[in-house]
Amino acid sequence: MADAGDLYVSWRWQDEFAGAGVSVIPETQVDPIVARVRAALPDASAVGVERSLTTGEFADYDAEHDLAQALARTLLPYGLATQLYDLHVRGVRPHIRWQPSPRTAQIPWELLAPDPGLRLLDIADVSQLAPAGLVPAPGLATRSWEQTRELPIVTVLDPRVPGFRADSGLGSVLGRMSADLPLAGHIGRYLPNDRLRPAVSDPVAVFRRQDQDRLWLSETLRAGASRLLYVGHVTAAAPESGRSEDARLHLACTAEIHGFAPPERTHRPLSAKDLILGTHTLDGEPRHGPDLWPIPSRVALIACESGGDLRFGETLGLLAAMLNGGAELVTAGRWPLPTDLAYQRFAGTSTDRHPLQENICAIDAAHDHPDPVASLMRWQRERAAAWRAERSICDSPLLWAAFATVTTR
């Protein structure tokens with residue numbers, strides 16, 4: 001897809017099942033539907049999160065389904081829809097790889113409803129293709145999952161950000177962790193085989209750590225890793241700034257650690273610029289970013305707008321840094337994510353439901369699967385079926401459709 005006033009769309013089939021196609025969608029149709037989606041999504045404020053969970057279109061099944069149909073009518077070219085229908089009636093499930101334009105980067109493509117009750121995810125597996133300009137750093141080959149899958153899994157789970165209380169803006173996203181919660185149980189499965197880094201004997205000990213700064217991350221990744229799972233805070237740059245490289249990952253780094261991002265209280269975030277440039281201009285003997293932080297084959301960034309650089313014309317944010325550093329697959333958030341506490345506080349959900357933890361478990365399990373896209377899509381189809389049947393806010397695509405899996409090939 002390409003933005004040029006109107007939205008230009010082209011498609012092709014890798015196995016030449018059908019002819020390629022080109023379509024032009026008028027700007028007068030694209031802008032209203034994009035604005036409608038943005039209005040339904042949460043923003044970083046408590047008011048915005050509450051609205052999305054209570055009165056936004058993702059909070060009600062009928063309203064969300066109407067939005068999904070409007071998305072399909074506007075953004076799914078008729079010629080492509082016809083080809084997909086032909087495959088569907090033949091019982092063939094294709095893998096669609098979207099390469100959205102910046103204007104359409106937050107569109108949840110999986111939810112498009114070409115027919116009432118029928119979603120794109122029901123008839124196809126869906127992922128996103130990295131922008132053409134995103135390639136591994138010169139001289140660095142993309143790390144192969146087949147070659148590295150037995151290496152440890154590096155986890156950074158809700159790290160303590162210096163200078164910020166647990167109930168503050170950069171505080172805890174998971175809340176107090178205990179062994180009986182879904183995510184702790186999921187993480188505990190890695191302990192018997194010593195697959196987890198940091199290496200612990202109690203799964204609860206991997207959460208809210210104070211030692212996981214950029215130096216720890218560098219040392220741990222350089223020791224070898226199959227995957228990286230990050231759950232925490234990301235501060236995304238505004239698209240109108242044109243500075244996608246200012247996207248910041250919040251680890252346990254103190255302000256005394258050198259880096260490109262300015263300090264926030266007693267904390268210095270790790271920016272995409274750090275991950276790409278390393279210590280260039282910061283050190284008399286600079287080191288390249290991918291040398292300091294060699295990114296493993298698969299990365300999950302479970303944080304608000306962690307994939308936000310796709311909204312920029314120049315994609316140089318955290319997603320770019322992961323792919324530039326060697327990853328072949330990255331799952332990241334398209335928009336701000338409601339926490340489990342937000343579901344309880346604003347939507348009145350039961351304390352025995354943990355939507356965010358359920359999503360983290362599903363994404364992590366998919367990343368440990370030979371075909372992560374197909375695995376994650378199966379789980380999303382289960383969530384879509386639950387949303388259709390139960391219509392509970394816990395099953396709303398507001399959370400499970402927030403994540404895009406981006407691949408380089």
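This report looks at one helix, one small sheet and the nonpolar cores of a predicted model.

Residues are numbered from 1 along each chain as its sequence is written. In this predicted model, local features need pLDDT of at least 70, side-chain atom pairs count only at pLDDT 80 or more, and totals for chains, interfaces and linings use all residues, while side-chain values use heavy atoms, leaving out hydrogens and water.

Let's start with helix H4. Helices (H or I, at least four residues) and strands (E, at least two) are DSSP runs, numbered from the N terminus.

| Feature of H4 | Residues |
|---|---|
| Buried (under 20% relative accessible area, 1.4 Å probe, protein chains only) | Leu80, Gln83, Leu84, Leu87 |
| Exposed (over 50%), on the face turned away from the buried side | Tyr78, Val89 |

Seen down the axis of H4, the buried residues fall within an arc of 100° (taken from the directions from the axis to the C-beta atoms), so they line one face of the helix. They pack against strand S2 (6–11), strand S4 (95–98) and helix H5 (120–123). Just after H4, Gly91 takes a positive phi of about 80°.

Next comes the sheet. Strands S9, S10 and S11 form an open sheet in that order, with antiparallel pairing (two strands pair if DSSP finds at least two bridges between them). S9 (234–235) and S11 (270–271) are at the edges with a single partner strand each, so one side of each has no neighbour in the sheet. Leu249 stands opposite Leu270 in S11.

Finally, the largest nonpolar core (buried Ala, Val, Leu, Ile, Met, Phe, Trp, Tyr and Cys residues joined through side-chain atoms within 4.5 Å) has 77 residues, of which Leu174, Ile187, Phe207 and Ile302 touch the most other members. Helix H13 (residues 355–367) gives this core its largest share, six residues.

Key:
Contact = heavy atoms within 4.5 Å.
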